[in-house]
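Colleague: Could you take me through one part of this model closely, the place where the two domains meet, together with the sheets that lie around it in the fold? I am in my first year, so please go step by step.

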Amino acid sequence: MPKDHSETRSIDGHRLDFTSLDKVMYPQDGMTKGEVIEYYRAIAPVMLPYLAGRPATRKQWVNGVGTADAPGEVFFHKNLDRDAPSWIRRRAIQHADHSNDYPLVDDAATLLWFVQRGTLEFHVPQWRFGPRGAQRNPDRLVLDLDPGDGVGLAECADVARLARERLAALGFDAHPVTSGSKGIHLYAAADGKRTSERLTAVAKELADSLEADHPDRIVATLVKEKRRGRVFVDWNQNLASRTTVAPYSLRGRLRPTVAAPRTWDELDSPDFTQLDYRDVLERVRRQDAGPADPAG
């Protein structure tokens, strides 16, 4: 058997062991675990502001994403791992009959500790914890524009422009993020005065109004049968219990695509498409990565 390629690094003053660096995580692309780690190390300065203070759930592919014929096994983690080092910050969330500790991915060492374990995706809610551990009101609103069968990213871009106008009329300045999957996320900073329930109601009313005015192009209902040929404006991710994949997170798809902040001008391009990790690293290097987190 080939020797396991491993190395130890000091990250933010913490000793991290990185193992199986030659393991292929994306067979279609050839991206290895070492390259995944290097991506997250390089992207950490621009990604961490989107994660800081928010409880992070993780999607983990220990043996890679696999292929279309043989997908890799995925594990979804909410709680902090029992063997997590004590230096990882954590906050408790009270559920109906129990309390769970969730990690806060506030620094590069924490980010890379999870990546070493096979985490490819990081998901966070629209709210943050306060300094004493209390759950604050959401500091951003999000709309997830998800194309149904028969429509694609171009139709999502059209709906994004319509949603941008509606949001602006309500005092929200929207910023697009291609999801790295099929659609577009729209983020807008919120003033923190509304609860998650109230902000969700705002998002639902906006989605319903878009469907009412454009019923042939837009749907705001969760019923999948109604989504064919339309873009679903998902407002549910504003609920306190829901999460959205964090900007700059890799996606566990066949190709190593990324949830990438974009500019509005890009949505008008005939070549508008999802970006992979190489595209995103080059954009960050050129300081052309789209607007900053409106809630950052």
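Modeller: In this predicted model, one open sheet is built from six strands in the order 13-14-10-12-11-17, and their pairing is mixed. At its edges stand strand 13, which covers residues 218–219, and strand 17, which covers residues 260–261, and each of these two pairs on one side only. Within that sheet, strand 11 (residues 174–178) and strand 12 (residues 184–189) run antiparallel to each other and are joined by five bridges. One of the residue pairs in this ladder is formed by Thr 178 and Ile 184, the latter being the bridge partner in strand 12.

A second open sheet has four strands in the order 6-5-9-15, and here the pairing is antiparallel. Strand 6 (75–77) and strand 15 (244–245) are the edge strands, and each has a single partner strand, so one side of each is left without a neighbour in the sheet. If you start from strand 6, you find that three bridges connect it to strand 5 in the antiparallel sense, and that His 77 in strand 6 stands opposite Arg 58. Strand 5, made of residues 57–60, is in turn linked to strand 9 by four bridges, again antiparallel, and on that side the partner of Arg 58 is Phe 122 in strand 9. Arg 58 can therefore be followed from one neighbour to the other, with His 77 opposite it in strand 6 and Phe 122 as its bridge partner in strand 9. Strand 9 (residues 119–124) then reaches strand 15 through two bridges, with the two strands antiparallel, and Val 124 has Thr 244 of strand 15 as its bridge partner.

Thr 244 leads us to the place you asked about. The domain assignment divides the protein chain into domain 1, made of residues 7–125 and 243–251, and domain 2, made of residues 138–238. Their C-alpha centres are 27 Å apart, and the contact between them draws nine residues from domain 1 and ten residues from domain 2. Between them the two domains bury about 720 Å², of which 44% lies on carbon and sulfur atoms. On the side of domain 1, the residues that lose the most area to domain 2 are Arg 54, Thr 244 and Arg 251, which together account for 59% of what that side buries.

What kind of pairing does Arg 54 make with Asp 139? The two residues form a salt bridge, in which the closest N and O atoms are 3.0 Å apart. In general, side chains of opposite charge can pair when their charged atoms come close. One salt bridge is found across the interface of domain 1 and domain 2, along with four residue pairs in polar contact. Sorted by class, the domain 1 side that touches domain 2 contains five nonpolar, two polar and two charged residues.

The structure as a whole holds 24 salt bridges, and one of them joins the side chains of Arg 89 and Asp 106, with 2.2 Å from N to O. Arg 89 belongs to the loop between strand 6 and strand 7 (90–94), while Asp 106 belongs to the loop between strand 8 (99–103) and helix 2 (108–116), so this pair ties together parts that are 17 residues apart in sequence.

Conventions: Residues numbered from 1 in each chain as written. Predicted model: local features only at pLDDT ≥ 70, side-chain atom pairs only at ≥ 80, totals over all residues. Heavy atoms only, no water. Domains from an automatic or database assignment. Contact = heavy atoms within 4.5 Å. Buried area = accessible area lost by both parts, 1.4 Å probe. Salt bridge = Lys/Arg side-chain N within 4 Å of Asp/Glu carboxyl O. Polar contact = N/O pair within 3.5 Å; in protein donor to acceptor, adjacent residues only side chain to side chain. Nonpolar A, V, L, I, M, F, W, Y, C, P; charged D, E, K, R; others polar. Pairing = 2+ DSSP bridges.
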